[in-house]
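Open the model in your viewer and keep the sequence panel beside it. This tour tells you what to select next and what is there.

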Amino acid sequence: MASNKNLTFKVTRQNPELIPPSKPTPHEFKPLSDIDDQEGLRFQIPVIQFYRKNPSMEGKDPVQIIREAVAKALVFYYPFAGRLRKGAARKLVVECTGDGVMFIEADADVKLQQFGDALQPPFPCLEELLYDVPGSGEVTSCPLLLIQVYIYIYICINWIIYVDMVTRLKCGGFIFALRLNHTMSDAAGLVQFMSAVGEIACGSEAPSVPPVWQRHLLDARDPPRVTCTHHEYDVVPDTKGTIIPLDDMVHRSFFFGAAEISSLRSRLPSHLRGCSTFELLTACLWRCRTIAISPDPNEEVRILCIVNSRSRFNPPLPAGYYGNAFAFPVAITTAGKLAENPLEYALELVRNTKSSVTEEYMKSLADLMVIRGRPHFTVVRSYLVSDVTHAGFGDVDFGWGKAAYGGPAKGGVGAIPGVASFYIPFKNTKGEDGIVVPVCLPANAMEVFVKELEMMVKKDDHNQVAARQNSVFITSAL
């Protein structure tokens, strides 16, 4: 029985099974790139897709359709059916065994509507929607995908490039939940694979975008040489205990629609108002969060921005490349300067940081990984943001149309709560399109964060701050 304060339902889960490729595939060893196997990517990342009932698919079983489509897609993406092995100098290599991805079928006595109008992370009872099969979550020698599908009454396919879980829901829709070993792919690569499954589920014989391995494109040079500055991998001691504590944590989601973005832009000087929404939001959230956690004013604070580098190569990386192709460039300042200066101060730091990612930066980063033993990015006094608004999770179609929600199943990136947030495309209850940002902070810091953020998104007309009427800015508090 799964439950939280808002939702209770009964889950009937079948035993996990392995879904191998539908045809024989090569048995070979494929090294990951030197970007893929860094310490900060050695974890499992959950994704969840909610699909509504589609009358044209009446009588068709999403579990069977998705199970068969996964098997066929794995013929093209056969490394996902293998297992990671650890080589010399902590190098990770895929042994293409053809063993398959883990898959769970389940039924749940719940309707999609019971999850509420605002489908967004953190989701209630996620541990039931994406069951953590004991012993399946290690980085090496485990399935690389877990898929679980629930159908409302619920059939669930649980998938990880380890397990896929599809759940049938009582209302005729279903949930597709997936857990990915992050060393294998980034968001763009994962969506490429999921889209291939969707295309095959809808009748295609092969993916429209052929997968490209070619992980050597992001390998270190010989000899390796660090030519750029990579402060994201600085060794920073936590001398004052400023890593976010794990107790008394509060999760809230914040909606930024056209009105909120316009209010933030109005705070900028005219020459900066053409900045991207990502840059604007990141500057705002970094500043408000720093004020909320209240570090020593002289302490350094950092913002890490995940930047997709695919188009920054000359020529660009191949269209079908599905490995990790991003960097974590970092902006650094002191807590005092960030809090005392206006929004444009943080914005210019963020813009300069984003622009630092070039082809040479990525090559230098791969070299650093080899020279320094594949370190983890620093989390001390750091905040990491990942924009998945254009990743395409919600567009994945298994025959039932686009997802009612598609994207991250949790509000943060990685295994450390409070350090990171996703930017997720979202339509609120008023039908307004925008971005929802889940944030996790200790309760006392969250109160300060909310106040600071509300002040930032209010209009300031002739120094008279007026609240936006009927605000739907804070969308949930779970």
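Start by selecting Ser-141. Its relative accessible area is 48%, so Ser-141 counts as partly exposed. You are in the loop between helix H2 (126–129) and strand S10 (145–152). Now check the backbone: Ser-141 has a positive phi of about 60°, although it is not a glycine. Most residues other than glycine have a negative phi.

Keep in mind that this is a predicted model.

Next, select Arg-381. Here is another positive phi, of about 50°, and again the residue is not a glycine. Arg-381 is found in the loop between H8 and S18. Is Arg-381 buried or exposed? Its relative accessibility is 11%, so Arg-381 counts as buried.

**The whole chain**

Zoom out and show the cartoon. The secondary structure comes to nine helices and 24 strands. Of the 478 residues, 56% count as buried. Look at contacts between residues at least 6 apart in sequence: 75% of them join residues at least 24 apart.

**Strand S18 and its partners**

Select S18, residues 382–387. Five of its six residues are buried, so S18 is largely enclosed by the rest of the structure. Add strand S14 (residues 300–305), which pairs with S18 in the parallel sense over four bridges. Find Arg-302: it stands opposite Ser-382 in S18. Now add strand S20 (residues 420–427). S20 and S18 run parallel too, joined by four bridges. Here Leu-384 stands opposite Ala-420 in S20.

**A three-stranded sheet**

Hide those strands and show S5, S8 and S7. They form an open sheet in the order S5-S8-S7, with antiparallel pairing. Which strands lie at the edges? They are S5 (29–31) and S7 (83–86), and each pairs on one side only. Turn the view: neighbouring strands of this sheet are turned by 35° against each other on average, direction ignored. Four bridges join S7 to strand S8 (residues 92–95). To see one place where strands face each other, select Lys-86, which stands opposite Leu-92 in S8. Strands of a sheet pair through backbone hydrogen bonds.

**Helix H1**

Select residues 62–76. This is helix H1, with 15 residues. From first C-alpha to last it reaches 21 Å, close to the 21 Å expected at 1.5 Å a residue. Colour its buried residues, among them Pro-62, Ile-66, Val-70 and Leu-74. Then go to the start of H1 and show Asp-61. A side-chain oxygen of Asp-61 reaches to within 2.9 Å of the backbone nitrogen of Val-63.

**Asp-367 in helix H8**

Move to helix H8 (residues 359–372) and pick out Asp-367. How much of Asp-367 is accessible? Its relative accessible area is 0%, so Asp-367 is buried. The Asp-367 side chain reaches the backbone nitrogen of Arg-225 at 3.1 Å. Leaving out residues up to four places away in sequence, Asp-367 touches Ala-220, Arg-221, Pro-224, Arg-225 and Val-226.

**Two cis bonds**

Stay with that stretch of chain and select Asp-222 and Pro-223. The peptide bond between them is cis, with omega near 0°. Pro-223 is in the loop between helix H3 (187–201) and strand S13 (249–256). Now jump to Asn-314 and Pro-315, where the peptide bond is also cis. Pro-315 is found in the loop between S15 and S16. Most peptide bonds are trans.

**Aromatic pairs**

Finally, show the aromatic rings. How many aromatic pairs does a search of the whole structure find? The search finds 15. Select Tyr-51 and Phe-398. Their ring centres are 5.5 Å apart and their planes at 70°, so the pair is edge-to-face. Tyr-51 is in strand S6 (residues 44–51), while Phe-398 is in the loop between S18 and strand S19 (405–408), 347 residues apart. Tyr-51 is buried at 0% relative accessibility, and Phe-398 is buried at 1%.

Add Phe-174, Phe-176 and Trp-400. Ring pairs link them with Tyr-51 and Phe-398 into a cluster.

One last stop: Phe-80 and Tyr-322. Their centres are 5.5 Å apart and their planes at 55°, so this pair is tilted. Phe-80 lies in the loop between H1 and S7, and Tyr-322 in the loop between strand S15 (307–308) and strand S16 (326–327), so the pair ties together parts that are 242 residues apart in sequence. Both residues, Phe-80 and Tyr-322, are buried.

Key:
Residues numbered from 1 in each chain as written. Predicted model: local features only at pLDDT ≥ 70, side-chain atom pairs only at ≥ 80, totals over all residues. Heavy atoms only, no water. Pairing = 2+ DSSP bridges. Helix = DSSP H or I, 4+ residues; strand = E, 2+ residues; numbered from the N terminus. Axes fitted to C-alpha atoms, helices over the stretch in contact; angles between N-to-C directions. Expected span 1.5 Å × (residues − 1). Buried < 20%, exposed > 50% of the residue type's maximum accessible area, 1.4 Å probe, protein only. Polar contact = N/O pair within 3.5 Å; in protein donor to acceptor, adjacent residues only side chain to side chain. Contact = heavy atoms within 4.5 Å. Phe/Tyr/Trp six-rings, centres within 6.5 Å; stacked < 30°, edge-to-face > 60°.
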